[in-house]
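I opened a fresh page for this one and jotted down what I looked up, entry by entry. Come along and check each note against the model.

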Amino acid sequence: MRTFLAGNHHLPPELRARLAADPDPGVRREIVRYWRDAPDRVRRALMTDPDPHVRTSSVRKWVPPPDLLPALLADPETRAAAVDHAGPSPELAADPDPAVRVAVADHPDLPANLRDRLAEDPDMFVRNAIAARPDTPPALSERIVSTLRTDNPVAQWILTYRRNPNVGGDRTPPPAPPILTREQAEALLARADL
């Protein structure tokens, strides 16, 4: 019931603030999802929440206060989401977590030297993010794409879709993804951090 309430757009701010401190992390996640203009104290509480999903969704939704950014970058659960607010750096481009390196590769302010470094990344999703950037030179993009062959049809579909989102109607849409077993779907969702 509290989860249902948290998604109600007509709740008074006082009740939403109480639900933001609810013991159930699902309720707190719903507050993050639906409360666009939460006050700063509520945002801060949710960005420092004990539940990693609440913290991560909060960082993805709202701009963190500058004093929280170092802790969010130090937290393995929120680091990838915090990259959007911190900007790319050589340290983040070398992070052991490929999700962080993908976030760096996606950052609009990525300098050319880090772009070129990430073009050689061992993770194919990082290289694909570089290939999909509009500022990646065509020759580099083509070279990266040639390294992205995989026997996994789901991974191949994801990689292709990322580079060709079928924008503008002049591109052929990518083929539909194959039907997955439960184990394949769970592995894919885990890889995507969902």
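**Entry 1: Pro52**

I started at Pro52, which is partly exposed, with a relative accessible area of 24%. My cut-offs here are buried under 20% relative accessible area, exposed over 50%, and partly exposed in between, with a 1.4 Å probe and protein chains only. Pro52 sits in helix H5. For helices I took DSSP runs of H or I with at least four residues, for strands runs of E with at least two, and both are numbered from the N terminus. I also looked across the chain: Pro52 and Pro76 are 24 residues apart in sequence, and their C-alpha atoms are 9.3 Å apart in space.

**Entry 2: ground rules**

This is a predicted model, so I kept local features to pLDDT of at least 70 and side-chain atom pairs to pLDDT 80 or more, while totals for chains, interfaces and linings use all residues. Residues are numbered from 1 along each chain as its sequence is written, and side-chain values use heavy atoms, with hydrogens and water left out.

**Entry 3: the whole protein**

I tallied 14 helices and zero strands. Of the 194 residues, 40% count as buried. The protein exposes about 11200 Å², and carbon and sulfur atoms supply 57% of that area; the method is Shrake-Rupley with a 1.4 Å probe, and for residues only the protein chains shown count as cover. Next I checked contacts, meaning heavy atoms within 4.5 Å. Among those between residues at least 6 apart in sequence, 33% join residues at least 24 apart.

**Entry 4: further along H5**

Is Arg55 buried or exposed? Arg55 is buried, because its relative accessible area is 13%. This arginine also lies in H5. Leaving aside neighbours within four places in sequence, I found Arg55 in contact with Leu46, Met47, Thr48, Asp49, Pro50, Asp75, Glu77 and Thr78.

Val59 comes later in H5, which covers residues 52-61. Val59 is buried, with a relative accessible area of 0%. An α-helix has 3.6 residues a turn, so residues three or four places apart point the same way. Beyond neighbours within four places, Val59 is in contact with Met47, Pro64, Leu72, Thr78, Ala81, Ala82 and His85. I looked up one of those pairs: the C-alpha atoms of Val59 and His85 are separated by 8.7 Å, with their positions 26 residues apart along the chain.

**Entry 5: H7 and what it packs against**

Which residues of H7 are buried? They are Arg79, Ala80, Ala81, Ala82 and Val83. These buried residues pack against H5, helix H6 (69-74), helix H8 (90-93) and H9. Just after H7, Gly87 takes a positive phi of about 95 degrees.

I then took H7 (residues 79-86) with H9 (residues 98-106): their axes come within 8 Å and cross at roughly 20 degrees. I fit axes as lines to C-alpha atoms, for helices over the stretch in contact, and angles run from 0 to 180 degrees between N-to-C directions. That makes H7 roughly parallel to H9, where under 35 degrees is roughly parallel, over 145 roughly antiparallel, 65 to 115 roughly perpendicular and the rest oblique. The crossing is right-handed; a crossing is left-handed if the near helix is turned anticlockwise from the far one by less than a right angle, and right-handed if clockwise.

Arg79, Ala80 and Val83 of H7 meet Ala99, Val100, Ala103 and Val104 of H9. I sorted the residues of this contact into six nonpolar, no polar and one charged. My classes are Ala, Val, Leu, Ile, Met, Phe, Trp, Tyr, Cys and Pro as nonpolar, Asp, Glu, Lys and Arg as charged, and the others, Gly among them, as polar.

**Entry 6: H9 with H11**

How do H9 and H11 run relative to each other? Their axes come within 9 Å and cross at roughly 5 degrees, and they are therefore roughly parallel. H9 brings Pro98, Arg101, Val102, Ala105 and Asp106, and H11 brings Phe125, Val126, Ala129 and Ile130. The contact divides into seven nonpolar, no polar and two charged residues.

**Entry 7: H11 with H12**

My last pair was H11 (residues 124-131) and H12 (residues 138-145), whose axes come within 9 Å and cross at roughly 155 degrees. H11 and H12 are therefore roughly antiparallel, and their crossing is left-handed. Arg127, Asn128, Ile130 and Ala131 of H11 meet Ser141, Ile144 and Val145 of H12. That contact holds four nonpolar, two polar and one charged residue.
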